[in-house]
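Colleague: I am new to this one, so could you walk me through it step by step?

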Amino acid sequence: MTKTRLPWWLQVTLVFLLGRAVSTVMLLVLAGQQAENAWTSAQPSLWDFSTMWDGRWYNIIAEVGYPHEIPYTEDGQVGENAWAFLPAYPAIVRGLMVVTGLPWSISGVLISVLFALAASLVFYKVLIKHVPAQQALFAIVLFAVSPVSPLFQLAYAESMQLFLIALVILLMQRRLYGWVIPVVIVLSLTRPGALAVALAIGLHWIYRYAKRKRSRFPTRERVLLASVALISAGAGFAWMFIAGWVTGIPNAYLDTELAWRSAYIGYQELIPFTPWIHAAQWWATSFGYPELGGYILLGALVVGFFVFLFTPAMKKLGVDVRFWLASYALYLLAVFFPQSSTFRLLAPLFPALGAIAAPKSKVYRVIMVVLFIVLQWGWLLICWRIDGYDWSPP
């Protein structure tokens, strides 16, 4: 009697659903302990508990759109407002609300779950091109229980973002360059990161050009790929121009983003690659350590990450995965100020899970799953649960 094997898409789906079951239990436990706060009453329902924090900003956008006038603080600085949040995700949720009559809380969570499942399926296809099926499936296990995987069922745009990133990588692998254009345009209206896509595509162009004697790189593809890179770069600035045009303030989007870091280092202009240096200084001195310690730790993290990109396990994932990881890491170094949302902002580095899944030891794999679940619980305790005055938003 032959042994039947489940199709790959069903295996991925079952793994994803098991991961969501784990996160659901954690969220239910924390919701049952949640005190009254700015977003919910005490002991909120799972749906309400899953739409706090940035979910409320997306709710506002879905219901009333964006402000035409930028709010200012008492000292004349741009205050926090909806322009920091891009429109694609709340627009899709709004569409579901209109079609089904479902409330924001349920619609937002459903859209996030569906996009996260789609991201899992596409991620598997990205990996299976380069690694054995068992390794690819274990990477999906790690993806499903990763420390920030509760985002896959919260009213955040990350699920949609990760799906679009995985789709871009898959299209690049298959050299379907023209299809990258609509995907990256939607991505640019979902979460920041289109500039990282442009850099990754540029690296892909250089790689193919350098290898043109061994693998053909026709002129038509050269022109098309260069055009995709330029369009991606333009898409990376599109929302900035839209916000400036609607509000009449050219720097409306950028100043709004900078408002979120003002609690740490005050209002400062964005100078690329300086936020992490400022953060190394701020976090080191805040915990009573010399600034030099923060700089050394930052240097070790940067060097360690780029060394990781050249490990044998990473090389087996193919150049497109590594181009994306390097590009997004450089993007974060250029513009992001590390604080509690750092864990969430690292989520687009998820393709690295393909390398972390490489060891075949059962003990290793069990340890990794348990560790990820423990870290998931820690992330929810630190970043999602609200305990009085909370300085650690997700």
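Colleague: Happy to start with a helix. How many of the 17 residues of helix 16 are buried?

Modeller: Keep in mind that this is a predicted model. Helix 16 covers residues 319–335 and reaches 24 Å from its first C-alpha to its last, close to the 24 Å expected at 1.5 Å a residue. The helix is mostly covered, and the number of its residues that are buried is 15.

Colleague: Which residues touch the most other members of the largest nonpolar core?

Modeller: That core has 113 residues. Leaving aside its neighbours within four places in sequence, Trp 384 is in contact with residues including Leu 27, Phe 49, Trp 53, Tyr 156 and Pro 394. The residues that touch the most other core members are Tyr 89, Leu 325 and Trp 384.

Colleague: Now for charges. How many residues apart in sequence are the parts tied together by Arg 344 and Asp 54?

Modeller: The structure holds five salt bridges, and in one of them the side chains of Arg 344 and Asp 54 meet at 3.6 Å, N to O. Arg 344 lies in helix 17 (residues 342–345) and Asp 54 in helix 3 (residues 54–64), so the parts tied together are apart in sequence by 290 residues.

Colleague: Is Glu 158 buried or exposed?

Modeller: The side chains of Glu 158 and Arg 344 meet in a salt bridge of 2.8 Å, N to O. This pair links distant parts of the chain, with Glu 158 in helix 7 (residues 158–173) and Arg 344 in helix 17, 186 residues apart. Buried means under 20% relative accessible area. Glu 158 has a relative accessible area of 2%, so Glu 158 is buried.

Colleague: And why does Trp 205 count as partly exposed?

Modeller: Trp 205 and Phe 217 form an edge-to-face aromatic pair, 5.7 Å centre to centre with 70° between the planes. Trp 205 lies in helix 9 (residues 194–210) and Phe 217 in the loop between helix 9 and helix 10 (219–247), so the pair ties together parts twelve residues apart in sequence. Phe 217 is buried, with a relative accessible area of 3%. Partly exposed lies between the 20% and 50% cut-offs, and Trp 205 counts as such because its relative accessibility is 25%.

Colleague: Which residue lies over the face of Tyr 209?

Modeller: There are two rings to look at here. Phe 16 has Arg 20 over its face, at 5.3 Å from the ring centre. For Tyr 209, the residue over the face, at 4.0 Å from the ring centre, is Arg 212.

Methods: Residues numbered from 1 in each chain as written. Predicted model: local features only at pLDDT ≥ 70, side-chain atom pairs only at ≥ 80, totals over all residues. Heavy atoms only, no water. Phe/Tyr/Trp six-rings, centres within 6.5 Å; stacked < 30°, edge-to-face > 60°. Helix = DSSP H or I, 4+ residues; strand = E, 2+ residues; numbered from the N terminus. Buried < 20%, exposed > 50% of the residue type's maximum accessible area, 1.4 Å probe, protein only. Lys NZ or Arg CZ within 6 Å of the ring centre and 35° of its normal. Expected span 1.5 Å × (residues − 1). Core = buried A, V, L, I, M, F, W, Y, C linked by side-chain atoms within 4.5 Å. Contact = heavy atoms within 4.5 Å. Salt bridge = Lys/Arg side-chain N within 4 Å of Asp/Glu carboxyl O.
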